[in-house]
Amino acid sequence: HKFTMEDGFEIEVTIPEDSKPGDRIEIPLPDDDDEARELFMQLHPANGNMLYFSSLGEGDNEDESKNQKEDGDEDCDGTNEMAWPAGIQLSQFITSPEAVPFIQDKVSVLDLGSGMGVSGLAIASALAELEDDTSREVVLTDLPNATSLLQSNVDFNREVIQKGEEDGDSKVALKVLPLTWGQTGEDSNSELKAKKFDLVVASDVLYNPSPDVCKALGKTMYAFLDGEGKILLSTRWRKPEEERIFYEEMERNGFEFKLINDVLSLEAKQPADEEKVVVNPCSLSWKDRSNTESEMYKKFFSDTKVEVNGESIALGDLTEAKLDSMKDAEFDQAEDFFIQIYVG
């Protein structure tokens, strides 16, 4: 399908064969060199740091990123050049005081599908601000053709997180490595061989929840997780019936996923409360959230109200047209109901 924008720019889009009416397809438009996607992200006030992210690299990494795009590797689809909502919400929570009991005993963290590094760098910042002298390591990973951009964003924020110290002297060492889902310690980068982590993190990784992808992701999580380790998963629900495949696969391997609220006995924060971190305003378990026929699902989507141009409507009545007509604040509030943070 070919679309012509208002300024005459034409873009040709391939619609996936398994798409259904109402599916949202997000396509990164090509940027001019001087119009890179940039994000300044203020972490939780208790943390105090501000992180910077760019969709272009810097110096040698920028040239390498451009070369990778020109190579046209079909595995590198541009999703690594955006800051996704579940990652942003995880970043706000993980740098809040509420998250301290969960992260204070973690010394090694593996971030999967890091993209621009939003979640991984936020966790690194949270660990660096803990009031102890424990040395920790955060390893951010993505497909080989996505690591140069990731490395640039790590380098952009290294001084903020490490307070100007080198890896050997800093409380938190930062590392970027290539890792493809489905790989284990035996067939991955040599620096990952035989390594285990007490926290494996992933955010917005189920946007293409095919059975093969879900199994590969689960295999890698299981391979690198220490026996007593935890998985921290922040997800934005898009295709519930398909995304549940991941949770079912992990359950067969002995994992149980609970909302972070239940793990830490947190009160669910409503999106309208600007003074608090939004943590799972949708309190449905993954089994109910991914089952559109369950009574709990139907009740939540009929009882939960959102604003559309000042008018209150049920979340279940929210259409693509109404989403498009929302004011920014209304859209952000509605979006929060589709994001959940789980611990496995």
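The paragraphs below lead through a predicted model, beginning with a pair of helices, continuing into the nonpolar cores, and ending at two loop residues.

A convenient place to start is helix H2, which spans residues 85-94, together with helix H4, which spans residues 118-128; the axes of these two helices come within 9 Å and cross at roughly 5°. Because angles under 35 degrees count as roughly parallel, H2 is roughly parallel to H4. On the H2 side the contact is made by Gly87, Ile88, Leu90, Ser91 and Ile94, and these meet Val118, Ser119, Ala122, Ile123 and Ala126 on the H4 side. Taken by character, the residues of this contact comprise seven nonpolar and three polar ones, with no charged residue among them. An α-helix has 3.6 residues a turn, so residues three or four places apart point the same way. Within H2, the spacing of Gly87, Leu90, Ser91 and Ile94, which are among the residues that meet H4, can be read with that in mind.

How much of H2 is covered? Seven of its ten residues are buried, so that the helix, with buried meaning under 20% relative accessible area, is mostly covered. The buried residues of H2 are Ala86, Gly87, Gln89, Leu90, Ser91, Phe93 and Ile94.

From H4 the path leads into the interior. The largest nonpolar core has 38 residues, of which Leu121, Leu127, Val138, Leu174, Leu232 and Ile260 touch the most other members. H4 gives the most to this core, contributing eight residues. Leucine 121 shows what such a position contacts: leaving aside its neighbours within four places in sequence, leucine 121 is in contact with Leu51, Phe53, Leu140, Asn153, Val154, Asn157, Ile161 and Leu174. Apart from this core lies another, of 28 residues, which includes Leu179, Ile231, Phe246 and Trp286.

The last stop is the backbone of two loops. Most residues other than glycine have a negative phi. Alanine 194, however, has a phi near 65°, a positive value in a residue other than glycine, and its place is in the loop between strand E7 (172-178) and strand E8 (197-203). Alanine 194 is exposed, with a relative accessible area of 72%. Asparagine 309 also has a positive phi, near 55°, and lies in the loop between strand E11 (305-308) and strand E12 (311-314). Asparagine 309 is partly exposed, its relative accessible area being 44%.

Conventions
Residues numbered from 1 in each chain as written. Predicted model: local features only at pLDDT ≥ 70, side-chain atom pairs only at ≥ 80, totals over all residues. Heavy atoms only, no water. Axes fitted to C-alpha atoms, helices over the stretch in contact; angles between N-to-C directions. Helix = DSSP H or I, 4+ residues; strand = E, 2+ residues; numbered from the N terminus. Parallel < 35°, antiparallel > 145°, perpendicular 65-115°, else oblique. Contact = heavy atoms within 4.5 Å. Nonpolar A, V, L, I, M, F, W, Y, C, P; charged D, E, K, R; others polar. Core = buried A, V, L, I, M, F, W, Y, C linked by side-chain atoms within 4.5 Å. Buried < 20%, exposed > 50% of the residue type's maximum accessible area, 1.4 Å probe, protein only.
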